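Work through the two exercises below with the model open. Try each task before you read its solution.

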Amino acid sequence: MKIEGVGIVGAGAMGNGIAQTAAVAGLNVVMIDVTEAALSKGVATLISSLGRLVSKGKLDANARAASLARIETSTDYQRLVDVDLVIEAATENNDLKVRILKQIEAVARPDAIIASNTSSISITALGATLADPSRFIGMHFFNPVPMMPLVEIIRGVRTSQAVAEAIRELTVRFDKTPIGVKNSSGFVVNRILVPMINEAFFVLAEGVATPDEIDAGMKLGANHPIGPLALADLVGLDVVLSVLDVFLKDFGDPKYRACPLLRELVAAGRLGRKTGHGVYSYG
Ligand code: NAD
């Protein structure tokens, strides 16, 4: 299964990062979104990200130009007609993703691999909506994609061995490290990370320590590069809350109950960096 052309559906935070990574690795990329405005924003983000890599000496100017030349954008799914792989990285919503997968299936070659970057939706269940679930797989990148070295590769019940191997090889070509994961809510990293962030909100709500002290504690005492509350602000409090709600529903275990303070901040619109205010305030 040779992968040279890749379609990315969704030009948001993850989609444009995946597009950049694929183009730098030498693949031809077509990035799809619903509006030209979303595409332009995605391209602007990846241009500045490539610029940062050049200024840090991690990429030379010729490679930047060549990478950019390999990226096309479109609002037309028809452009996915001859790609070897489509990576779905659109908004996290089950019905939307099912609809998008049907659109991809209608145009992509029957032997093209279809992957989803979903953080919380079952790969087995999404795959079952396709005529051929054996070609469907989870490819879970981390944010920001160009900087984060891990990709969780999630096999649904019906994902074929050949597809899993092809995606593993591609991940290595992306200069990233794959870990193989069975389909299960939150996969490995978020299953461990998100309950830890939730616990930090309980510690904060109980007045055990201030946000700065909680974050300093985990940075200096557990060697984490960022404290859990600062991380929640970075990820988005709404995202953390929705992942916890999915865990609670999927595992039926009360240990995943979201901290009421987290729910309250989300209700107040304090979603973190993206709204200028979460646990911390951002100028
Ligand atoms: P985002 O909101 O930044 O971007 C989503 C993009 O999808 C938007 O540009 C939107 O216009 C586009 N979109 C919506 N409907 C579409 C359609 N029908 N066709 C094409 N494009 C469409 O979201 P994001 O943070 O990039 O997340 C994308 C996916 O990646 C989600 O499934 C999310 O769970 C997953 N993910 C996110 C992170 C993260 O930290 N942000 C990490 C890993 C995985």
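**Exercise 1. The shell around the ligand**

Find which helix supplies the largest share of the shell around the ligand in this predicted model. Then describe the rest of the shell and its polar contacts.

*Solution*

Step 1. Helix 4 gives the largest share, 3 residues. This helix spans 94–107. Helix 1 (13–24) and strand 6 (136–141) also supply at least two residues each.

Step 2. Count the whole shell. It holds 21 residues. Met14, Asp33, Tyr77, Glu92 and Lys97 are the closest.

Step 3. Sort the shell by class. There are 10 nonpolar, 8 polar and 3 charged residues.

Step 4. Look for polar contacts, which are pairs of N or O atoms within 3.5 Å. A polar side-chain atom of Tyr77 sits 2.7 Å from a ligand nitrogen. The backbone serves too: a polar backbone atom of Ala90 is 3.3 Å from a ligand oxygen. For Thr91, a backbone N or O atom lies 3.4 Å from an oxygen atom of the ligand.

Step 5. Check the cover. The ligand alone exposes 840 Å², and the protein buries 77% of that.

**Exercise 2. The second largest pocket**

Describe the lining of the second largest pocket: how many residues, from where, and of which classes?

*Solution*

Step 1. Start with size. The volume is about 330 Å³.

Step 2. List the lining. It has 15 residues. Val24, Pro146, Phe174, Asp175 and Lys176 lie nearest the pocket centre.

Step 3. Assign the source. Helix 1 gives the most to this lining, with 3 residues.

Step 4. Sort by class. The lining divides into 9 nonpolar, 2 polar and 4 charged residues.

Key: Residues numbered from 1 in each chain as written. Predicted model: local features only at pLDDT ≥ 70, side-chain atom pairs only at ≥ 80, totals over all residues. Heavy atoms only, no water. Near = heavy atom within 4 Å. Polar contact = N/O pair within 3.5 Å; in protein donor to acceptor, adjacent residues only side chain to side chain. Areas by Shrake-Rupley, 256 points an atom, 1.4 Å probe, with all protein chains shown as cover. Helix = DSSP H or I, 4+ residues; strand = E, 2+ residues; numbered from the N terminus. Nonpolar A, V, L, I, M, F, W, Y, C, P; charged D, E, K, R; others polar. 1 Å grid on protein atoms, 1.4 Å probe; cavity = no way out; pocket = protein on both sides within 12 Å on 5 of 7 lines; lining within 4 Å. Points joined across faces, edges and corners; volume = space filled by probe spheres on them.
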